[in-house]
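Reader: Hello! Please walk me through this model, one question at a time, with the cut-offs spelled out.

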Amino acid sequence: MARPTGRVLTLLELLQSGGIRTVAELADRLGVDGRTVRRYVDHLVDLDIPVEAVRGRYGGYRLAPGYRLPPLMLNDDEALAVLLGLVAGRRTGLLTATETAGETAAAKIRRALPERLARRLDAVMESLAFTAPPGESATPETGVLLAIADAVRHRRPISIRYTTRDGRRSERTLHPYGIVTHAGRWYVTGADPEIGQDRTFRLDRIADARTLPGSFEPPAGLDPAQRVLSGLAKAAYRHEVTLRIHGTVEQIRARLPASVASVEDPAPAEGDPHTERWLHVELRAERLDWLPPVLASLDRPFVIERPDELRDLVIALADRLATRARQA
């Protein structure tokens, strides 16, 4: 392929990625000057590809809205990345309610690829094995996911119809800050303006999402993922556990991640964060039988403040281990 032709195709790929591309940006990516970029744009226009010129300070070039892309032009690395991404999405729960969408998308991509490349990718997919079974996922409706994502991007309030874990239904107003995936589930976190509190909702429990008039401003330094993890750690469960553990935050997080427990440092401004000291740990759980082995695996001094039931379970585990260790 002649170099100018290759650069024209690269220009098309850059424009296909969406948005407005400035002449300076395109010239830098193509390794040419601005005048040559304009000439390459003229080549695309001659091929009936609707490239629009956008004037103004932030102007440049873009593809006309609604333009249907030509057949896929993927190299080996790009095609493999797309197909592996679809496989990973199916296994980790990054799906919508249309469970066959990933399979049909992969089939369409496979048909659009050159036969040589398609055969090589088939060999990869047929030889691929996983050590872990597919995780259980709770998938949201596609329309709900797209509506909430659009509201997050444009900072628009939304109205949602939500069903709680115990089956209660309600209609809520939310200022959505972000969408987070965790452990095979999708969440939206934001503020409920009616009660003035932050809330987190599972997307698979939202039956409908509608954009409302107006806009909002999210808090500075917002971290939606951390908000979801903190909310999960503080969710209402049967048991409330309070511990003091001697170690570092990093050591504790190795066994009790942010989605499970909250860790507080009584004196965060004193000393090196990597220095071991007594830290306050709180968590909530429906069952306590999994906690004694976790505390044992921490291999750090700890004190159980509550509940007494957990203390009894830890003693019972220690007795069993001691008895089995003495057996010949």
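Reader: Which residues of α7 are buried?

Author: Keep in mind that this is a predicted model, where local features need pLDDT of at least 70, side-chain atom pairs count only at pLDDT 80 or more, and totals for chains, interfaces and linings use all residues. Residues are numbered from 1 along each chain as its sequence is written, and side-chain values use heavy atoms, leaving out hydrogens and water. Buried means under 20% relative accessible area, exposed over 50%, and partly exposed in between, with a 1.4 Å probe and protein chains only. By that rule the buried residues of α7 are V144, L145, I148 and A151.

Reader: How wide an arc do they cover around the axis of α7?

Author: The arc is that of the directions from the helix axis to the C-beta atoms. The buried residues sit on the same side of α7, because the arc they cover is only 135°.

Reader: Which residues are exposed on the other side of α7?

Author: The buried residues of α7 pack against β3 (158-163), β4 (169-182), β5 (185-192) and β7 (206-211), with contact meaning heavy atoms within 4.5 Å. On the other side of α7, the exposed residues are L146 and R153.

Reader: How far apart are the end C-alpha atoms of helix α5?

Author: Helices (H or I, at least four residues) and strands (E, at least two) are DSSP runs, numbered from the N terminus. The expected span of a helix is 1.5 Å times one less than its number of residues. For the 12 residues of α5 (residues 101-112) that gives 16 Å, in agreement with an end-to-end C-alpha distance of 17 Å.

Reader: Within what arc do the buried residues of α5 fall?

Author: G102, A106 and I109 are the buried residues of α5. Seen down the axis, they line one face of the helix, because they fall within an arc of 65°.

Reader: Which exposed residues does the face of α5 turned away from its buried side carry?

Author: With G102, A106 and I109 buried, the face to inspect is the one turned away from them. There the exposed residues are K108 and R111.

Reader: Which residues in the largest nonpolar core touch the most other members?

Author: A nonpolar core is a set of buried Ala, Val, Leu, Ile, Met, Phe, Trp, Tyr and Cys residues joined through side-chain atoms within 4.5 Å. Of the 19 residues in the largest core, those touching the most other members are L243, I245, L256, V281 and L310.

Reader: Which elements give two or more residues to this core?

Author: Both strands and helices contribute. The elements that give two or more residues are β8 (239-247), β9 (261-264), β10 (277-285), α10 (291-298) and α11 (308-326).

Reader: What radius of gyration does the protein have?

Author: The radius is taken over C-alpha atoms, and the globule rule is 2.2 Å times the number of residues to the power 0.38. A compact globule of 328 residues would be near 20 Å by this rule, but the protein has 27 Å.

Reader: Where is P307 found?

Author: The peptide bond from R306 to P307 is cis, with omega near 0°. P307 is in the loop between β11 (302-306) and α11.

Reader: Is D299 buried or exposed?

Author: D299 lies in the loop between α10 and β11. Although D299 is not a glycine, its phi is positive, about 55°. Its relative accessible area is 64%, so D299 is exposed.
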